[in-house]
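Student: Please take me through the reading of a model of this kind, beginning with how charged side chains are placed along a helix.

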Amino acid sequence: MTIETFAIYTGSHLFRQLLYNVEICRRPIDSEEMLMSGKRESIFTLPNYSMPCWYRQKAYLDNLVSFKQKQKLLSYIINHLEDWFSVVGLTEEYDMSLEMLQRAYGVPFNEQCQYDEVNVNLQKANDTVRESMRQQLYRDERVRQALNYDVTIYKEAVKIFNKQKQVFLG
């Protein structure tokens, strides 16, 4: 499986996590209901297949929720993101995120969660590989479309992070 195929297959995972509905996972799988839009074949058609909850959520959003409805859900998430998370952290601002968490909760996140920079050269090499993969992914329109909701949420998270950084750290 290529990274592009994986990105398209999994899609906007954060978007789905923020919309998580346990009832979708509790009820029995109904292939006809999930595929009623007729958009494409699915692994749902396989007999006796035990589908993971994250995939049920994806199938539900892909097949039963219209583009317009998804846009409304995305707007709802963007408008409530700051209310749902007292601190928004970013992996690329890991140390700063830990410091903000520590100040917000009074728990020694910074001391307890620091990572050791054992091999900085290896990390730089990994960063180069990651950046190359990111550029490769973004050249593919299908990948950009599949990840659009998460990218939009991430951009809002960066805005919130920068605002919170000013509040927590001056």
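Student: How many residues apart in helix 7 are Arg103 and Glu99?

Tutor: Arg103 and Glu99 are 4 residues apart in helix 7, which covers residues 94-105, so about one helical turn separates them. The general idea is that an α-helix has 3.6 residues a turn, so residues three or four places apart point the same way. Before going further, note that this is a predicted model, in which local features need pLDDT of at least 70 and side-chain atom pairs count only at pLDDT 80 or more, while totals for chains, interfaces and linings use all residues. Residues are numbered from 1 along each chain as its sequence is written, and side-chain values use heavy atoms, with hydrogens and water left out.

Student: In what kind of contact do the side chains of Arg103 and Glu99 meet?

Tutor: In general, side chains of opposite charge can pair when their charged atoms come close. Here the contact is a salt bridge with an N to O distance of 3.1 Å, the term being reserved for a side-chain nitrogen of Lys or Arg within 4 Å of a carboxyl oxygen of Asp or Glu. Glu99 has a relative accessible area of 19% and is therefore buried, since buried means under 20% relative accessible area, exposed over 50% and partly exposed in between, with a 1.4 Å probe and protein chains only.

Student: How many salt bridges does the structure hold, and which residue pairs with Lys163?

Tutor: The structure holds 7 salt bridges, and the partner of Lys163 is Glu82, with 3.1 Å between the closest N and O atoms. This pair links distant parts of the chain, for Lys163 belongs to helix 10 and Glu82 to helix 6 (residues 67-84), and the two residues are 81 apart. Both ends count as partly exposed, Lys163 with a relative accessible area of 46% and Glu82 with 34%.
Another salt bridge joins Glu156 to Lys159, whose closest N and O atoms are 4.0 Å apart; both residues lie in helix 10, 3 residues apart, or about one turn of the helix. Glu156 is among the buried residues of helix 10, whereas Lys159, at 55% relative accessibility, counts as exposed. The C-alpha atom of Lys159 is also 9.6 Å from that of Val88, although the two residues are 71 apart along the chain.

Student: Helix 10 keeps coming up; what span should its 29 residues have?

Tutor: The expected span of a helix is 1.5 Å times one less than its number of residues, so the 29 residues of helix 10 should span 42 Å, and the 39 Å between the end C-alpha atoms agrees with this. Helix 10 has a kink of about 60° centred on Asn148, where the bend is the angle between axes fitted to the seven residues ending there and the seven starting there. Just after helix 10, Gly170 takes a positive phi of about 75°.

Student: Which residues of helix 10 are buried?

Tutor: They include Val143, Ala146, Leu147, Tyr149, Asp150, Ile153 and Ala157, together with Ile160, Phe161 and Gln164 further along. For the protein as a whole, buried residues make up 29% of the 170 residues.

Student: Tyr149 is on that list; with which ring does Tyr149 form a stacked pair?

Tutor: A search of the whole structure finds 6 aromatic pairs, a pair being rings of Phe, Tyr and Trp (its six-membered ring) with centres within 6.5 Å, stacked if the planes are under 30 degrees apart, edge-to-face if over 60 and tilted for the rest. The partner of Tyr149 is Phe15: their ring centres are 4.4 Å apart and their planes meet at 15°, so the pair is stacked. Phe15 lies in helix 2 (residues 13-18) and Tyr149 in helix 10 (residues 141-169), so the pair ties together parts that are 134 residues apart in sequence. Both Phe15 and Tyr149 are buried.
By contrast in geometry, Trp54 and Tyr55 form an edge-to-face pair, with 5.4 Å from centre to centre and 90° between the planes. Trp54 is partly exposed at 28% relative accessibility, while Tyr55 is buried at 11%. Ring pairs link these two with Tyr9 into a cluster.

Student: What does the secondary structure come to overall?

Tutor: Helices (H or I, at least four residues) and strands (E, at least two) are DSSP runs numbered from the N terminus. By that reading the protein has 10 helices and 0 strands, and its elements run α-α-α-α-α-α-α-α-α-α from the N terminus on.
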